Amino acid sequence: MSTTLQALWSAAATVQQAPRLWSAAQPLIAAVTPAVTAPAVVSPAPTVPFSLPPNVLATPTAAPSASTTTTSSGLDLPSVLLSTVVFATTVAAVIIVFLPERTAEQRSRIRSVALFAAAAALVLTLFTLLSAVSLGVAATPDQLHEENATWISRFAFAIHYHLSADGVTLSLLVVSTLVFTSVFVAAWKRQQRLRLYCGLLLVLETAVNGALCATDLVLFVMFFAMQAVPVYLLVRCFGGPGRERAAARAGVAVMASSALLLAGFLLVVVHSAARSSDLTDLATTARPLSAAVGTAGFWLVFTAFAIGFVVVPVHTWVLGAAATASSGVSAVIVGVLVRLSGYGMIRFALGLFPTQAQRFGTALMVLAVVSALWGVLLTLAQRTLRSMVAAVSIGQMSLVLLAVAAPNTISLDGAVLQLVAGGLSSALLLLLCGAIEGRTRSAPLDRLGGLAAQAPRLGGFWILAGLAALGAPLLAGFSAELMLFNGVFAVHQYATVFVMASTAVSTGALLSSAQRIFLGPAREEFARVRDATALELGYLWPLVVFLVAFGVLAGRVVPVIGTGLTRIAASLGGTQ
Amino acid sequence: MITNFGLGVLLGILPAVMLGFGALVCAGVAAVRPRTRTSLYLWVALLATAGSFTASLIELLAVRPNGNGVGLVAYGGGLMVDRFHVFGAVLVDLVLVLTLFGSEVYTRRVPARAGAFCALLQVGAGAAIMLLAQREMVAFVVALTVLVVALTLLTGMTKTSGATAEAAFRQVIAGGVALATATYGMALLYAAAGTTDLAQLATGVSVRGARLDGPLEVVGVTLVVAGLLLVIGAPPLQAWSRHVQESAPGSIAGFGTAVGAVTGTAVLVRFGVEAFGSGNPRWTLLVDVLAAAAMLSGGILALRAGTIRRLIADLAIAQAGFLLLALAATGTGLSGSTVAGTTALLFSLLGAAVSLVGALLLAGVFDAAGLGTGVEAYRGAGRRAPATAAFLSLALLGLAGLPPLAGFIGRLLAAESALDAGRGWVVGIAALSAALCAVAAMRWMAAMYGEDNGEAPFSVRTTPRAARAAAWTAAALGLLFAAFAGPLISIASGAATALH
């Protein structure tokens, strides 16, 4: 009964959302139709039933509204788009719990429900991002679909159900929803324990998307900590040898991150005068934190995110989980969860404690250099495909950490784009690892070779993904690394060169692995290996398309990302 | 406030009277017609609970016009009907309803005792509700005695094995010691202050005009706190509670521990805030230390739990620690709030009660299906009974305090209150305990959703549908309470305001 009610509610909410969707589509339509361009949006034609509120275009850098947005039609329609993105997968998970999985048809039904929910979240996210891109810097995207309601008010401080999606959030939401959708497609042939697998992944997607959209500290922690159980069970139940240990470490890492985050956030809330855990309230009404509280809060929050951010020396759990879990789960962990911690680092460690981040910039720079160096050594030392990909991500994240150590508008724009590019390329590589391991029975690197003869398409994808990780032109990583270099070099010259060089070495090693895997004489044991199937192409191509799209359209995407960094950049003062 | 004394007293005791009446009917029918269908007792008890709930709502209407949340004061302050009492009464009614439905498997198995069983459940709930309205120490002792006797009889009556008999015996001993300790403490307080009224005790001055800061008073406070902690089953006095939860049938264990925790904590709050003074270090330091001990020991023990019942018991001990953490933070903090700690405690009680009852009922469902209680027996249960395992996971996560369940929000509020009151060191221990509890709960979930152990399949249909539905509902309430945390915290805040 409750499932039916939830489905009905969701349907009603979508119907209710229709006018807003139409309203948000106006600038998109205007952008792709030259005859009806910007003026038509600013002054909507009388025949258009709904349009954007004029102030969205009139006040490009206005602070986000604290109240729920409305349409200009006079109807007070609350936006539920972000809630739909976040909770569509929860509804699907609840439905799946009650679906049997005995026959092939029943399993197919489970797959369909999971894929439909993930794809729906992806489509809605893409729609929002495209409408934001079409607006460019004319409006902050978080104004378009903000949802803000007081959740708990009668306490020492107020907690809000506050979801918003600025450029930073939207970019990473695309990565999250796309990777999850790809993982569900990749699981299309899975027969064993499908209900548990899909259910846990759906709950995990809710946690990630919710954390990305949350604009309230407590709400963020709730979503962030929600990752712990699905991650633990996914690694524990669907991993290879050594999964017990890897799962325990992953579970403890997420729990420790959440506990540290909670402690740091509570410290901020208690010692600020805002009486609210909402980021907007904290930014506008809170009194400055004392030096001691600020320092303690910064290091608590930084350490919390550093655990998930694969910063040396707290990086080992990611390597273990990526090497042990199934390829889909590894793709989610390295491609999405690690990037979520990077997002948190920029949004919260930097956004809440700009003074402390600048004061301890040198320490962060040293950590970035150590991580980059360690990442290179680890990459060169790996003997399996997946652990090599996971080790490369340490280098990628050290670039982001370097941007946090020297924050300015350009470096932060580059850092966010790097999170996007790294997430997509890592997910692509790990899903490819799954495909290759399935064909070679998880043979170690030194026993692979000559696969190109049997699987040229897989080889092509691998090289493309390696190039994306390296930051080749026309791919997303190129713009990201260029901006990072430009932004950070002026502050930490030697460190920038060292970290960039280290990352190039590690990704170069990854790229050269293509030679070991695909080139050379064909081996007899792999003579019956088949090339990528239609199903595999179905989940590999979208990732490639988005890697190229973010690279080619970086000029359109970066301004949108910049709108999300306006407040952080402003709080950094003279360093911009 | 109601001015008619007779009407006021009737209204004040009406929720408990309704349950008492139901108990009388059940006991009478069982005595006169022993072969009556068990469902009759169930319906009588449900009707009585509905009556009790309605009476509580009427009390709420009486309380509503008063800003201070107090609707009735009778017998010189001995009987106090306020929002705090109504809050506790409704919670006890909720636990009773869940237990009545969840007990169907037991009443069907032993129909001859169904009448007495339902009667005792109602007597226990009625005594708990009466206890929540008392502000006079002698009345406290009387109501506490009735409650302890009813709960002990319940465990003793439903013994299904030697272990249950031993648990009942331990409960008798613990109940007696708790009563004696609390009574001695109250007697010492009476000797120091010359009054049994908590409100007069709170002034810090005896009726003879002397200040209350001597050793007699300190010993009295310590004994009262220790006695009530024994009722709650908090460390270091938790042994009886663990045995009951391990040995008694799920529904009875759930009712006993949940009602014990709700009533014991609520009474402790009334004593702490109204008699000892909120935020007074005379007792908050002791409670802080006990909270830290409970949280740590509960978390560590839970990690080593070998059976599902023991896991639940250990998680409940850690939960009791979080309740004490909130209790110690009832004073004024950095943000100036005086009710935050009490509000956090009352909301935590909501989440803790439903999670505890849900977990024990669901463990009872697996018991009835013939599954063992060890971690090996639960291996693969997630595949063989997916819905029941999912709800048990939900209940365990609620007890462990993981998001997005009410247990997490309760712990968050408790930690914030403690931090606000300048007790950072206990919050650090609380964070550690939360992590330990989470790991312990996840360990069991891994077993449930891990590989099948290859044993013969079982069916949870051995438990009647209504009992299973009650167990599922109890577990799902943790999620519902989290979703509607705002209004519920407002209600808890209103109840807390009545005390301060």
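The following paragraphs describe a predicted model of two chains, beginning with each chain, continuing with the interface and ending with selected salt bridges.

Chain A contains 23 helices and two strands. Of its 576 residues, 62% are buried. Among the contacts in chain A with a separation of 6 or more, 82% are between residues 24 or more positions apart. The accessible surface of chain A amounts to about 20100 Å², and carbon and sulfur atoms account for 67% of that area.

Chain B, with 500 residues, has 64% of them buried. Its secondary structure consists of 20 helices and two strands. For residues at least 6 apart in the sequence of chain B, 80% of the contacts join residues at least 24 apart. Chain B exposes about 16300 Å², with 69% supplied by carbon and sulfur atoms.

Within chain A, helix α13 illustrates how one element is covered by others. This helix spans residues 316-324, and its buried residues are A:Trp317, A:Val318, A:Leu319, A:Ala321, A:Ala322 and A:Thr324. The cover over these buried residues includes α9, α10, α12 (291-308), α14 (327-352), α16 (361-381) and α17 (385-405) of chain A. Two of these helices, α9 and α10, return in the description of the interface.

The size of an interface is often expressed as the accessible area lost when the parts come together. Between chain A and chain B, the buried area is about 3300 Å², and carbon and sulfur atoms give 74% of it. A:Arg154, A:Phe155 and A:Val270 lose the most area to chain B within chain A, together 19% of what that side buries. The contact involves 33 residues from chain A and 43 residues from chain B.

The rule finds zero salt bridges across this interface, while four residue pairs are in polar contact between the two chains. On the side of chain A that touches chain B, at least two residues each come from β1 (147-152), α7 (194-213), α8 (217-225), α9 (228-238) and α10 (243-271). Helix α10 of chain A gives the most to this side, with nine residues. By class, this side of chain A comprises 25 nonpolar, two polar and six charged residues.

Side chains of opposite charge can pair when their charged atoms come close. Over all chains, the count is 12 salt bridges. One of them joins A:Asp166 and A:Arg347, whose closest N and O atoms are 2.9 Å apart. A:Asp166 lies in the loop between β2 (159-163) and α6 (167-186) of chain A, whereas A:Arg347 belongs to helix α14 of chain A, so this pair ties together parts 181 residues apart in sequence. Both A:Asp166 and A:Arg347 are buried.

In chain B, a salt bridge links the side chains of B:Arg270 and B:Asp82 at 3.4 Å, N to O. Because B:Arg270 lies in helix α11 (residues 250-277) and B:Asp82 in strand β2 (residues 79-82) of chain B, the pair ties together parts that are 188 residues apart in sequence. B:Arg270 and B:Asp82 are both buried.

A further salt bridge of chain B lies within one helix: B:Arg108 pairs with B:Glu104, with the closest N and O atoms 3.1 Å apart. These residues are four residues apart in helix α4 (residues 104-109) of chain B, and are therefore separated by about one helical turn. An α-helix has 3.6 residues a turn, so residues three or four places apart point the same way. B:Arg108 is exposed, with a relative accessible area of 53%, whereas B:Glu104 is buried, with a relative accessible area of 16%.

Technical notes:
Residues numbered from 1 in each chain as written. Chains lettered and ligands numbered in written order. Predicted model: local features only at pLDDT ≥ 70, side-chain atom pairs only at ≥ 80, totals over all residues. Heavy atoms only, no water. Buried < 20%, exposed > 50% of the residue type's maximum accessible area, 1.4 Å probe, protein only. Contact = heavy atoms within 4.5 Å. Areas by Shrake-Rupley, 256 points an atom, 1.4 Å probe, with all protein chains shown as cover. Buried area = accessible area lost by both parts, 1.4 Å probe. Salt bridge = Lys/Arg side-chain N within 4 Å of Asp/Glu carboxyl O. Polar contact = N/O pair within 3.5 Å; in protein donor to acceptor, adjacent residues only side chain to side chain. Nonpolar A, V, L, I, M, F, W, Y, C, P; charged D, E, K, R; others polar.
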